[in-house]
Each structure stands twice: as structure tokens, then as C-alpha cells.
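Subject: Structure for your review

Dear colleague,

Please find below the structure that I am handing over to you. My notes on it follow directly after the display.

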Amino acid sequence: MTKASGQNTAISDLLRRVALPAAALVMLTIPGAFAQEARPSAGGELTSEEEIKQFCTNIADPARDQRYLLQKQELEKLRTDVDSRIVEMQKRKEEYEDWLKRRDNFLKQAEAGLTDIYKKMKPDAAATQLQEMRIEVAAAVIMRLNPTQSSLILNEMDPKKAAVIANIIASASDPNTSKDPS
């Protein structure tokens, strides 16, 4: 045998080894590509009702999966909304606790005997002294006095300072007061 005929034999052997499995693979895929589903009706054609049933049967699982996916997304959205509301409620709770603490401290400042001192003073003298004090302390003292004395003292004060003190007293007694008006 010559060298050329030896190469031809080797090539033909290689082609037989590769070509047979490749041809079998192609033959197996072709019938599947062109296969049609069996038609249940006697004439070989599906009626429109049978087509609808078949269509509904074929899409039932994907439709259910899609519905579950949409429900899951909605639940996740609701969970995010609830979580953000919980955060907002926690923030409001902390704000209220802070407000309550400041109010309690505010009232304690007036309890240290100052109220008794100002109860016995004349309104004009008390007004002069209170408008020179820290505004929070003055408001606490005036708030602890009886309404008649408080009104007389506020009447003797500078109108701007009296208005600020009245605002502090009003906000201290209002449980709905919030730093954030929203």
C-alpha cells in the first residue's frame, strides 16, 4: 500500500466513526421537530372547544407560576411598606418619649421652690424678674401658678416675651405636640 492509500483508509475510518453517530443524532432530532400532536377528533382536526381546552391545559402551570410570582412581589411590596411604617412609628415613639422627658424636666424645674417664691410676689415685680430668666424656667414657674396670678404676671411682661412663654406653656400642655407637623 502506498502512503496515499493509507491516508485515505485512515480518513474513511475516521469518517465512519464520526459520521454514523452524527447521522443518528440528526435523524433522531428531525422527527421530533416535525412531529405533530395526536388529534383527538375522528376527522384528524381539533374542534375549537378542544383547542381551547388544550390551550388552557398547556398554559395552566405557567399561568399559576406567574400568578404566584405576582403575589410574591405584592407581598414583598407590602412587607416593605409595613417595615417603613414600623420605622416611622418607632421614630414617632422616640420623639414622643423625648418630648415627655423634656416636659417632665421642665415641670421639675418649677417644683424646686421657685413657684412658692413667685406666688408671694407682686405681679409687676415677678414679671420683671421672670422675663430676665431663661424662658423655659419662667414658663415653668408661670405654669405652676394659679391662673389669676399667671395672667397678672403675663400682663405686666413685655408682650413678645409673654407670647413666647404662653406658646411654651401651650405646647407643654398639649400631648399632640410634635416636632414634625406631618
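The notes below go from the chain as a whole to its core, and then to one helix and one loop residue.

Please bear in mind that this is a predicted model.

The chain as a whole. The chain contains 7 helices and 0 strands, so that, by the DSSP runs used to assign elements, its order from the N terminus reads α-α-α-α-α-α-α. Of its 182 residues, 16% are buried. The accessible surface amounts to about 14200 Å², and carbon and sulfur atoms hold 59% of that area. Among contacts with a separation of 6 or more, 67% join residues 24 or more positions apart.

The nonpolar core. The largest nonpolar core consists of 20 residues, and Phe106, Leu130, Ile142, Ile153, Met157 and Ile165 have the most contacts inside it. Two or more residues each come from α2 (48–111), α4 (123–130), α5 (135–144) and α7 (159–173). The largest share, 6 residues, is that of α5. In soluble globular proteins, nonpolar side chains tend to be buried together. Ile142 may serve as an example of the packing: beyond its neighbours within four places in sequence, Ile142 is in contact with Leu130, Ser150, Ile153, Leu154, Met157, Ile165 and Ile169.

Helix α6. Helix α6 spans residues 147–156, and its buried residues are Gln149, Ser150 and Ile153. Viewed down the helix axis, these buried residues of α6 lie within an arc of 100 degrees, and therefore they line one face of the helix. The face turned away from that buried side carries Pro147, Thr148 and Asn155, which are exposed. The cover over the buried residues of α6 includes α3 (114–119), α4 and α5. At the N-terminal end of α6, Asn146 acts as a cap, with a side-chain oxygen 3.1 Å from the backbone nitrogen of Thr148.

Glutamine 131. Is Gln131, in the loop between α4 and α5, buried or exposed? Gln131 counts as buried because its relative accessibility is 18%, and the cut-off for buried is under 20%. Its side chain reaches the backbone nitrogen of Asp158 at 2.9 Å. Apart from neighbours within four places in sequence, Gln131 is in contact with Met157, Asp158 and Lys161. One of these partners, Met157, also belongs to the core residues with the most contacts.

With kind regards

Definitions and conventions
Residues are numbered from 1 along each chain as its sequence is written. This is a predicted model: local features need pLDDT of at least 70, side-chain atom pairs count only at pLDDT 80 or more; totals for chains, interfaces and linings use all residues. Side-chain values use heavy atoms; hydrogens and water are left out. A nonpolar core is a set of buried Ala, Val, Leu, Ile, Met, Phe, Trp, Tyr and Cys residues joined through side-chain atoms within 4.5 Å. Buried means under 20% relative accessible area, exposed over 50%, partly exposed in between (1.4 Å probe, protein chains only). Helices (H or I, at least four residues) and strands (E, at least two) are DSSP runs, numbered from the N terminus. Contact means heavy atoms within 4.5 Å. Accessible areas come from the Shrake-Rupley method with a 1.4 Å probe; for residues, only the protein chains shown count as cover. A polar contact is a pair of N or O atoms within 3.5 Å; within protein, one must be able to donate a hydrogen and the other to accept it, and residues adjacent in sequence count only if both atoms are side-chain atoms. The arc is that of the directions from the helix axis to the C-beta atoms.
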